[in-house]
Structures are given as structure tokens and as C-alpha cells.
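Me: I am new to this structure and should like to learn how its elements are packed. Could you guide me through the reading of it?

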Amino acid sequence: MQVIQVAIAVPMSQLFDYKIDSAIATKSGINQLSQNEEASTSPTMTYSDNNELVGCRVLVPFGPRKCVGIVLRVDVESDYEVSKLKSVIEILDSAPVCSQQMLTLGQWMSEYYHYPIGEVLHTLLPATLRKQQKGKTKAAVATQVYLQLNTASRASDEVDELLARSLKQFDLYRLLRKGAQPLSAIKQQFTAAVIKALTDKLLIEKVDVVEKPNEWTAQLTISEKPLPNVEQAMAISTINLASGFDTMLIEGVTGSGKTEVYLQIIEPLLAAGKQVLILVPEIGLTPQTVGRFEKRFGIRVGTLHSNLNDTQRLQVWQQAKDGSLGIVIGTRSSIFIEMKNPGMIIVDEEHDESFKQQDNLKYHARDIAVYRARQLNIPLVLGSATPSLESLHNALEKKYRHILLPNRAGNAAMPTQRLMNIKGQPMQYGIAQGMLEKIQIQLDAGNQVMVFVNRRGYAPALLCHQCGHVEHCARCDNPMTVHKSANNLQCHRCADIRHLPKACAECGHTELDTFGVGTEQLQQGLETLFPDYATVRVDSDTVRGKGKLSKLLQEINQKKYQILVGTQILSKGHHFPDVTLVLILNVDSALFSADFRAPEKLAQLITQLSGRAGRSNKAGEMWLQTHCPEHPLLQDLINNGFSDFARYALLERKHAALPPHEHQICIRSESHHKHLSMHFLQLCAQLFTQFKHAKVLGPFPAFIEKKQGRYRNLLIIQSASRKYLQQATEQANKALSEMPVSKQVRWSIDVSPIDFS
């Protein structure tokens, strides 16, 4: 009879003692438990590295339910009588699912983000392994679909006759004569119609090839690559010379060829059998990025994102862990993947807010990437045209290597940026008359135009023309957005939906008007104004469903559409070679925000959108519609660019004692009772006043004060010392958890917050 300590995914910052019978261990394939491991008495947990049970999942009773836990210590001296401890129901794994390396990462995250260790460790695991399923840790068989010539070979003259009128089909057939090729790589060169035609003619066939760990190294082939320009060549050589842990920030203008730099810096790593992890901010970027990497290296690239089911995600996790994948590309949670032979981590568009998890464990994937690269002793590359001020500050302070790509690759020139003063101008569907004329000129020249408005739906509000009543969401005190295509009203905060009313709820009048312009209305308006040109809308309403966004992006590049209407989805690094004009509507709404990060976010958005224009040999231009053309932020961006703006913003932050020069944590509180949420934060503020090197700001209402029926308030604690702030928060966190009022509200700690809404 032995005692183990288990981490369980519950909101309690402690481990739980259970006894384990030797019969259960034997039945589960565990040969022996360590007899020497002693419980640690230090505040920081230590884990056994010489016991095969540490890191395994166990099924344990927890109150009236059964929970999956992860073993962290064995053979401990319990504070409780062993005979009264509950027994482990079952050991789910015959080998650890969490290595010593991942346990160490989980411990650091638990301490840094002030979050229960059990919930942290479960976050690190694929969803399938968090469930009560046994035997899921065995690596799935990795297979890849190949195309090869049909085993029933035909005479050359017969093939020539069949393919005489199709050069593309003949090119593919000739390629496969050299040997079988991965289907994923073939799709980068030939259309699905060409592949289907050859298959229907029984000239080629698909086969599943079982891959073995590290087999991808034998399949690695480097396709033709462009010659880098001077700046790219310097960046590539600088990164390739790095050895061990080193963090490098590539600050390259949009279209400067950062992806080509990524391709060339990982080439020698792959040739040496090393694995590479690449983080991208959005699912929409994954297919086009995967396509480029598979075409260049001829190997299958693993992907991890929310559009995959649990089984698919587990398979990629297993294959990366056993070395069957050379490259893994994924979104935020991919940072927790284990690699058998890690060589480099790359974070593309490192400034993007989607790398910050805003719910539950509020981690930032970029910060985790820095820790993991140091832990693995490998290089970390951060890339962006608009780097976050935190990363830029670290680069300017020489904590990171700073690599500049100031020019666009090839013959492409930077787009011109201009302001359109719309004071007094007639407007149609939110667009000034002067801009409509410029759009017409570009369309007549055979180019594409992008119109950006950060509001999906038809209109952001529905009001009564008679009494002025606005339809609100009762749970959020927020105007309901009109969605005419769905014939309903939607709250974009809590997702509540109601039928589109025929009469005013206040006065009964039937004349209801929409207020403001959303993507749906803008699309309809542009279709009316430019009936000879096809318009497409790209927002979260139109790209729902597997492969929908990829299909839309492909159709845009095929020039099926000439006018693109969309939200921030369109700003995320997409390559549209025929877009020559970008128009941004409603810029003014972001100029006067109470959030000190708002200017940075607006500048990044404008610069990223500007980068969608003129990416080939066509000249591009971007226009911002504004009532405030004299605003210093807009003037600085237009005349000096993001690089100058960012450095001036860092100076402003320094004088204002704001991040990244000082550090913040935010305590959030929610309650159905407004006074209770505020009262809890007032007690928090009193706790933190005892720390003389910490500043207490608030409490005050969140920017979105009410959501889903709960009142939301914030308290910000700030200090010039990150270490001091962490220690103060750790002490306060223990005291807060013991307060009776803490059980009556929903509260959380957000380290280095980036959003106060």
C-alpha cells in the first residue's frame, strides 16, 4: 500500500493524496513504485524523475464523481491516516503522458499565472487524454496518401493518345513516372480536376503509405527556391549562426518575405533531422502556410487548430512526440506540443492578440514560447511587420536580437497611405463619394479592391424612428446587431438571438430603422453601386465550416471576386496580388478609447491592412476615412510609418510608467450583483496596499460592464519589478481564496493583461 499525490483539474491550488494497491499497479502494467521518493517540504513542487508512474494519468474518486488526475509524486508521507485515504480506481497509462519537461513547464505556468496546477497540466494535454479513456497514449499509425502510376501499366503510345489534349495531365503523369509523390505536394502544383481526370482514366491511383518515426528525413527534398535579397540573406545567416537558446525578432514590413526567411532557416535543421514548431495566429493562415512548406520540402506538415476533431489533434500530438513529423504548424495551443528532436520554434505575426488565451488559464503563447525555447535550448524566432511593443522593447534593450527587413521582396513597392477627410461629404453605405470614384477607377483597370469595416452583421443597432428606442440585449445592456440575412437580432457579446421585430417594443410604431453599417449592409450596398463586379464578404458569419475560408481565399486569388468586404480576418497576412486599393471605414471609433493599448492596436491594424495592397508589381494605395485627419496618431502613421510610431509610443509609455516599462496584473470579478463584484475588488485593493512597491489602480468597471447578466469590474496592480509583483500576487492570492466573499463571485487573475473589455 503506497501513497501518491495527484493533480486534478479542479480550481484548488493543491495536490490530493490517494493510496494505490499493488494489485492495481500490476494490472495496469506498472512494474514497481519508487521506495525512496519523499514528499517535498519546499513551497515549490519537485517531481520524481526515476519512477515510471510519475506523469501517468489515473482515475480517482473525487467527491461524488470520478476524475482523471496526473501523478506528480509517489511514496509520499501523507498528512492523513493512510487507511482513510481513497484508493486509485485505475491507472490509465502504462507510460507517462507528461514528461519531466512538461511537468516542469506546468509547474512554472502554475506559479507564473497563479493558476491551479491540476488545471494547468490538463490544459497541456490533448482533449482526448483529459477524458476517462484508457490506452489512448499509444502512438497512432502515421500514414500519408501518395499518388503513383496505376499498377496496370499501359503502353506509351496509348498514354500519349489519352493525354494528347491535356498538357497538365501529361505533366503530372510524367512526374509520377519518376516515382510516387505525396498527394499534399501534388495538390500544390496541380488542380483537383487534373488529379481526378488521371484517376478516372485509370492511369494513376492513391495509396496509403505507413510512415515510421524519422522516416520523413529520407523523404525530404528541397524544391527550387528564390534567391534572397540582401536583407533576407543577412537575416538567414544571422539566424543560422545562432546556437542554443537565442531569441530573435524579425521586424519586416508587410511583403518583405518573412515566410521565405522561415523556409530557408529551417532547411538545415530539417536536413539534420531536427523538428520545427511554427505558430500562426489564425486558422485561415494555416492552409496557405502549410501549402508553401509542403511544396518546398516535400514532406507532410502536421497541423493543429480548432477545426480538427479530438482524434486528429491527438494523432498530430503523438506523431510529433515520436518524431514522425518534421514540421508542425498550428495556432495558440500548439505551443504545448512535445517534439522528439526539437530544433526551432517560430512565432509568426507575434503581435497578434489571438496568441493570448482570454478564458480560464490566461496564458500568452509567445511568452510560453520564450520559456520553452530556453528549456529546450533551441532558437526562437518572432516575426511581424508590426511587432508588439513588449517584443520591440526587448529587442531595443538587447534582450532579443533585432533583425530588420525594411524593404518589400521582389519589385513590389510599399503602398501609399492617405487620409480621406469625410467632413461634410455625402455618404453612401458608409463610403464617401470621393472614395467611390477611386474604387471605380481601380475596378475599371482590372484590379481588386478591399473594404474593411470591423462590424459584422447588417447594422450595429435597430432603432425606432418615432421614439428613438434602441433594441438592447437584456443580459448585456448592449445594442443588438441586425442580421438581415438570418432575419434576426444578435448580441455579439453573449450570442443571444431574437427574431427581428416588426414593431417598436416601447411605442408600437412600425417604422424601424437601422443605425450604422456592418459588413452585410456594406456588401449589399457595393453590389448595388458596382453591379458589374462581383463582391464577396469575409467575416466570421461567412467562413463558418471546414475549409470555407480556404475556399474563399482561393476564389479571391482566382479573381472570381473584384470587391472584398471584410473584418480583421482579411488583415491576417494573406497574399492578394491583385488588390491595389484598401479602404478602411470607421477609423475614428478607435481614436478615443480609454484603453492605453488602443493606439498600438489601431496602428497595427492599419499597417497590416495597408500591407494587403500592392504586393506584386502593381502599385497599391490605402485610404482611411476619418472625421479627424489632423489626429497625431493618424498623421504619424501616414507620414512616418509604424516603425517610427512604435518607438515614439514606447517613449510615451515610459513617461506614463506603463507596460512594457512596468508590469501589470489584473484581477477581474463578475457577479449578478453589482455591489458584490465591486466589494470583492475593494477588499483586494486593501490587501495590495501593504506592498509598498506596488501601485493599485481601481477598482473600476470593465469597458464592457455587463455581459451575460453579470456585472464585471477590474482591479489593476502595477510595479516596476516583475518579480516583486509576482511575489505580492502570490501572497495576496492565498489570502483572497480564504475570504468568504471570494466564494460568492467569479474572479480570476490575468498576468500581463492586453484587454480590459
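Me: In which hand does α2 cross α13?

Reply: In this predicted model, the crossing of α2 past α13 is right-handed. On the side of α2, the contact is made by Gln101, Met102, Thr104, Leu105, Trp108 and Met109, and α13 contributes Ile368, Tyr371, Arg372, Gln375 and Leu376. Sorted by class, this contact comprises seven nonpolar, three polar and one charged residues.

Me: How is the packing of two helices described?

Reply: Two values serve for packed helices: the angle between the axes and the distance between them. Here, helix α2 (residues 100-112) packs with helix α13 (residues 365-376) at an angle of about 140°, and the axes lie 11 Å apart. Angles over 145 degrees would count as roughly antiparallel; the two helices, α2 and α13, are therefore oblique to each other.

Me: What is the order of the strands in the open sheet?

Reply: The order is β2-β1-β4-β3-β5, five strands with antiparallel pairing. At the edges stand β2 (16-20) and β5 (90-91); each has a single partner strand, so one side of each lacks a neighbour in the sheet.

Me: How many bridges join β3 and β4?

Reply: Six bridges pair strand β3 (residues 57-62) with strand β4 (residues 65-74) in the antiparallel sense. Valine 58, for instance, stands opposite glycine 69 in β4.

Me: Which helix packs on the sheet, and which strands does it touch?

Reply: Helix α3 (residues 117-124) packs there, touching β1 (2-8) and β4. The direction of α3 makes about 70° with that of β1.

Definitions and conventions
Residues numbered from 1 in each chain as written. Predicted model: local features only at pLDDT ≥ 70, side-chain atom pairs only at ≥ 80, totals over all residues. Heavy atoms only, no water. Axes fitted to C-alpha atoms, helices over the stretch in contact; angles between N-to-C directions. Helix = DSSP H or I, 4+ residues; strand = E, 2+ residues; numbered from the N terminus. Parallel < 35°, antiparallel > 145°, perpendicular 65-115°, else oblique. Left-handed = near helix turned anticlockwise from the far one by under 90°. Contact = heavy atoms within 4.5 Å. Nonpolar A, V, L, I, M, F, W, Y, C, P; charged D, E, K, R; others polar. Pairing = 2+ DSSP bridges.
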